[in-house]
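Here is a quick tour of a protein model, taken one region at a time. Keep the viewer open while you read.

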Amino acid sequence: MVQHRLSLDGLTDMVEELLGNGFRRALVAAHDDDDSFRVVYLFLAAGLIAVSNSNALFSKDDPMVPSLAYLSFSASRFEREMADLYGIRPVGHPKVRRLVRHAHWPEEWYPMRSNASPAPEFEDSGHFPFVTG
């Protein structure tokens with residue numbers, strides 16, 4: 001396994017290079033390391049012969065990552081999930097709408113953050129805006 005520690009500036013270049021070399025994105029996941037957020041990007045090559053694990057660390061002050069949605073539809077889903085659960089904004093994402101956060105969740109409550117309060121009282125704020133068709 002090849003492991004990379006990336007800056008946010010080098011992220012898209014590394015992903016483009018991996019995809020260009022036959023790797024496929026297998027996972028994008030966030031983690032709260034108390035003092036910073038870490039996003040893990042896992043890429044696999046054909047036949048599971050090669051694995052590339054890339055980590056990007058960034059501050060909690062303004063949590064955002066460059067979106068990879070233009071490179072991978074499935075990466076766009078992982079990014080939407082990170083936005084819902086951690087409040088990490090995927091900058092440049094073409095359609096950031098809720099994926100797992102229902103409409104009754106409080107706007108600034110991110111349950112996967114290490115400092116998240118217990119689940120607040122949910123309000124009945126109407127229906128979830130499901131996409132139809």
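Start at G22, which comes after helix α1 and has a positive phi, near 90°. Keep in mind that this is a predicted model, so treat the angle as a computed value.

Now step back into the helix itself. α1 takes in residues 8–20, which makes 13 residues. From its first C-alpha to its last it reaches 19 Å, close to the 18 Å expected at 1.5 Å a residue. Which of its residues are buried? They are L11, T12, M14, V15 and L18. Looking down the axis of α1, you'll find these buried residues within an arc of 165°, so they line one face of the helix. Flip to the other side of α1 and you meet exposed residues: D9, D13 and G20.

**A cavity that touches V15**

Searching the whole structure turns up one cavity of 30 Å³ or more. The largest cavity holds about 30 Å³ of space. V15 is part of its lining, together with L19, R25, F43, L68, L71, S72 and A75. By residue class, that lining splits into six nonpolar, one polar and one charged.

L71 deserves a closer look. You'll find L71 in the loop between β5 and α2 (73–86). Buried or exposed, or something in between: where does L71 fall? With a relative accessibility of 29%, L71 counts as partly exposed. L71 and V15 sit 56 residues apart along the chain, and their C-alpha atoms are separated by 8.6 Å. Both residues also appear in the cavity lining.

**The largest pocket**

Next, the pocket. About 220 Å³ of space lies in the largest one. Its lining is made up of A83, D84, G87, I88, R89, V96, R97, R98, R101, E107, E108 and Y110. Here the split is four nonpolar, one polar and seven charged. Two of these lining residues, R98 and E107, turn up again in the next section.

**Salt bridges**

Side chains of opposite charge can pair when their charged atoms come close. How many salt bridges does the model have? The count comes to four, and here are three from among them:

| Pair | Closest N to O distance |
|---|---|
| D32 and K60 | 2.5 Å |
| R38 and D33 | 3.0 Å |
| E107 and R98 | 3.0 Å |

Take D32 and K60 to begin with, whose side chains meet at 2.5 Å, N to O. This pair links distant parts of the chain, 28 residues apart: D32 belongs to strand β2 (residues 24–32), while K60 sits in the loop between β4 (51–59) and β5 (64–66). D32 is buried, at a relative accessible area of 10%, whereas K60 is partly exposed at 23% relative accessibility.

Move on to R38 and D33, where the closest N and O atoms are 3.0 Å apart. R38 is partly exposed, with 22% relative accessible area, and D33 is partly exposed too, with 24%.

That leaves E107 and R98, whose closest N and O atoms are also 3.0 Å apart. E107 is exposed, at 53% relative accessibility. Its partner R98 counts as partly exposed, at 25%. Since both E107 and R98 line the largest pocket, you can look at this salt bridge and the pocket in one view.

Methods:
Residues are numbered from 1 along each chain as its sequence is written. This is a predicted model: local features need pLDDT of at least 70, side-chain atom pairs count only at pLDDT 80 or more; totals for chains, interfaces and linings use all residues. Side-chain values use heavy atoms; hydrogens and water are left out. Helices (H or I, at least four residues) and strands (E, at least two) are DSSP runs, numbered from the N terminus. The expected span of a helix is 1.5 Å times one less than its number of residues. Buried means under 20% relative accessible area, exposed over 50%, partly exposed in between (1.4 Å probe, protein chains only). The arc is that of the directions from the helix axis to the C-beta atoms. On a 1 Å grid over the protein atoms alone, a cavity is a set of points where a 1.4 Å probe fits but cannot get out, and a pocket is an open set with protein on both sides within 12 Å along at least five of seven lines; lining residues have an atom within 4 Å of a point. Grid points are joined across faces, edges and corners, and a volume is the space filled by probe spheres set on the points. Ala, Val, Leu, Ile, Met, Phe, Trp, Tyr, Cys and Pro count as nonpolar, Asp, Glu, Lys and Arg as charged, and the others, Gly among them, as polar.
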